[in-house]
Amino acid sequence: MFRQCKQIQTASGQTFAPLLSWNSNHTDDLHRRFLLRLSGLSMARVLSLFRPQPVLALVSRYKPASCQMSMDSRARDVFTAAVEAVQPDAVVRQSVERKDDSVLISGRKFTLKHNLHLVGFGKAVLGMAAEVERMMGDHLVDGVISVPHGIQQTLRQHGKSHLLPKENSKIQVMEGAKHNLPDEDALRAAEQIKQLAKGLTEKDLLLVLISGGGSALLPAPLPPILLQEKLDVTRRLAAAGATIQELNTVRRALSVLKGGGLAKYAHPAQVVALILSDVIGDPLDLIASGPTVTSEVWPEEILSILERYKLLSCIPASVKDVLQKQSRKEKAEEWDASGHVLNVVIGSNSTALERARLRARDLGFHPVVLSPGVCGDVRAVSRLYGLLTRFACSPEEPPAEVAAEVLRLGPDVGVQSWDLCRTMQELGERRAGGSGTTCLLAGGEPTVELTGKGRGGRNQELALRLGLEWRGLALPPNGPVFLSGGTDGQDGPTEAAGAITDAGLCAEAQAQGLDIHQFLTNNDSYTFFSRLSSGKRLLVPGLTCTNVMDVHVLLFPSASNINKG
Ligand SMILES: Nc1ncnc2c1ncn2[C@@H]1O[C@H](COP(=O)(O)OP(=O)(O)OP(=O)(O)O)[C@@H](O)[C@H]1O
Ligand SMILES: O=C(O)[C@H](O)CO
C-alpha cells in the first residue's frame, strides 16, 4: 500500500513527505524496507514510531495520502490504471517470453530460426507489432499490418513514438479504414496480408496480431461481392441496431479472410494469434470476425439476421449468390486447423478490471468487481447502478423490492444473478458494518438508442443518466462518485473518453441553466459535460492506443459516514 503513496498522514492528521524507497527483496525487516524522510520529525522520533510496532499497527495508524485525494481524482486514477494494464506493448510483454532461440506463448514453445512472419489488423496492433519486433530481433523476417488511417502521425503528436515500429523496420505499416469503415486502402492491406500468409511453408511461424477494429481493417469480400456492396450490408445492419455478434456473423460469411480464412491461407505454417479482445466474453470467432478461427457458415442464420433487421429485400444479388453457393455446400473443403493454430487472448476488459481492482485497493478502497460483461441500454445500466447505490449508501437496509428489481434487470444488462447477489450482499454487509470506502468496478459495452442529433457517447450518457438516478436519493455529501470511460480514449464521435458524475450533478446543472432532460433527448451528453463547470467532469485522457471496451468505476464513501447521516 505504501509504495504508491506520495505522502502519509498520521492519525492526528499530520502529513509527511514521500517515501524514499521500497525494496521488496528485504522482506525480513520492516525498518529496512521503508526509508522515510519525515518532515518535521527527528530521526529518533521516526525510529520510535516504527521500531516497536508491528506492520499492521503501522498500516492502520498511518493513512496513505491517497485518502486526501478527492473521490473524483481517485476515480480517474483507477481508470488510468485500468488503461495502463492493456497498453499494447505491455500485453505483448506479459504474454510472450523470448528464451534464446525459442519463444514461449501460453505454455507452448516455438523454435525461432529466422522463420518468424507477422501480420496484424486493428486499432492497437501498431504498438503490439513494435514490441514483437523489439523482442524477436532478426528472427522476424517480414510483416504487414493494417492500422487506422492517421494513427502513426497521431501517435507521434501524442508523444507515443515508443509504440511505433523502429526505423528500417521489417514491418510494412498500411493505414486505412477511415472512420472505422472498410475502404480501398484497407482492401489493399488485406491483399498484402493474404499474399504474405499464402507464401509460408511448414517451417514458418506466423504471428497474427488482432485487436478491435480489425474487421474494418481486413476487408476481402468473397467474389463476386464488391467492397462497396459488403460495406452497404454491414452499414445498414449497424444502423438498424445489429449487435457486434450479428454484424460479425454476417461479415464472416461474406469474407475471404474472416472466419478462419487467414489461418487457412497460412497453412501449413504454424499460426499463433495474439488477441486483444474488445468483445464481451472474448469470443475468439467474433473478435475482428475471427480470421484465425474456423467457423462454419450457416446461410440460414445470415438470412435470418438480415430478415430481423428488414434488410432481406435490399441485399445485392452478389451476396445472395454467395449465400446460395454456401448452402449448396460449394464452399472450399473443410480443413483441420487443430495443431496448426493457437489463439491466445492476451488482454481483455477483465485484465483492465483486475489492475483497476489493485489500484483501488492501493488507494484505500475495498474493491468489488461486478462483471466485465455489462451491456444493454444505458438506461437499464444507470438504473442498476442507482439501485446498487442504495445497498451501499442508504442509512437503512433497502426493502426487498429493490433487490428484486436488481435481479430483474440482470438479463437486460448482461449480468448474472449470482454476480448481482454477491455484489448486493457485499455492499450491504459493508454498509451495515460501518466499513470504509468501497469501489465497485465493472466493464463492458452498453448501448445508446440514438434519437437526437447531438454529440455524445455511451459513457457520457451513462454518467449523465446516473446523475439523474441519484437526484432522488438521500446520499451523504462526500459521495458516491461514478466514472464511465472508454478504454480507447474516445467515447462516440467526441474528444472525451467519458465523464464523472456525483450526487450534486443535477443541482449544479440547474444552477448553470442546463436542462439535463433536453440534452438527453438530443443525445447531447458531450455538449452538456463541456458546458457544465467548464468541462471539469469530462474525462479526456487522449488517444490511449488500446481498446478493451469501457470501464465503470463507482466509488462509495465510508459506511460509517453514511450511518452517521
Ligand atoms: N450522440 C451520441 N450520444 C450517445 N452515444 C452515441 C452518440 N453518437 C454515437 N454514439 C454511440 O457511440 C458508439 C460508437 O462509438 P465508438 O466510436 O466509441 O464505438 P466503439 O464501439 O468503441 O468502437 P470500437 O470498438 O470500434 O472502437 C455507438 O454505439 C453509438 O451508438
Ligand atoms: O473489429 C471488430 O469486428 C470489432 O472491433 C470487434 O472485434
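This is a guided tour of the structure, moving from the whole chain to its ligands and then to some local details of the backbone.

Begin with the whole protein on screen, keeping in mind that this is a predicted model. Coloured by secondary structure, the protein shows 23 helices and 20 strands, and of its 565 residues 47% count as buried. Among the contacts with a separation of 6 or more, 79% are between residues 24 or more positions apart.

Next, select residues 75-324, where UniProt, in an unreviewed entry, places the feature "domain: MOFRL-associated". Over this stretch the chain is 42% helix and 19% strand, and the C-alpha atoms at its ends are 53 Å apart. Then select residues 439-550, the place that UniProt, again in an unreviewed entry, gives to the feature "domain: MOFRL". Here the chain is 30% helix and 18% strand, with the end C-alpha atoms 16 Å apart.

Now turn to ligand 1, which is surrounded by 22 residues, the closest being G212, V448, G456, G492 and N523. Which domains supply the shell around ligand 1? At least three of its residues come from each of domain 2 (79-84 + 353-564) and domain 3 (87-347). If you colour this shell by class, you will find three nonpolar, 13 polar and six charged residues.

Ligand 2 comes next, and the residues to select around it are G212, G213, G214, S215, I244, N248, D278, V279, I287, A288 and S289. The elements that give two or more residues to this shell are α9 (214-217) and α11 (244-253). By class, the shell around ligand 2 has four nonpolar, six polar and one charged residues.

From there, select helix α13, residues 299-308, whose buried residues are I302, I305 and L306. Looking down the axis of α13, you can see these buried residues fall within an arc of 95 degrees, so they line one face of the helix. On the other side of α13, the residues E300, S304 and E307 are exposed. Just after the helix, stop at K310, which takes a positive phi of about 55 degrees.

Two cis peptide bonds can be visited next. One joins P223 and P224, with omega at about 5 degrees, and P224 has its place in the loop between α9 and α10 (227-239). Another runs from H267 to P268, with omega near 15 degrees, and P268 sits in the loop between α12 (261-266) and β13 (270-276).

The last stops are two residues other than glycine that have a positive phi. Select D282, in the loop between β13 and α13, where phi is near 50 degrees. Is D282 buried or partly exposed? D282 is partly exposed, because 19 other C-beta atoms lie within 10 Å, whereas 20 or more would be needed for a residue to count as buried. Finally, move to M549, in the loop between β19 (538-539) and β20 (550-556), where phi is near 70 degrees. M549 has 23 other C-beta atoms within 10 Å and is therefore buried.

Note on methods:
Residues numbered from 1 in each chain as written. Chains lettered and ligands numbered in written order. Predicted model: local features only at pLDDT ≥ 70, side-chain atom pairs only at ≥ 80, totals over all residues. Near = placed C-beta within 6 Å. Helix = DSSP H or I, 4+ residues; strand = E, 2+ residues; numbered from the N terminus. Nonpolar A, V, L, I, M, F, W, Y, C, P; charged D, E, K, R; others polar. UniProt positions renumbered as here; feature names shortened; annotations may be inferred. Buried ≥ 20, exposed ≤ 12 C-beta atoms within 10 Å, placed from the backbone. Contact = placed C-beta atoms within 7 Å. Arc of directions from axis to C-beta. Domains from an automatic or database assignment.
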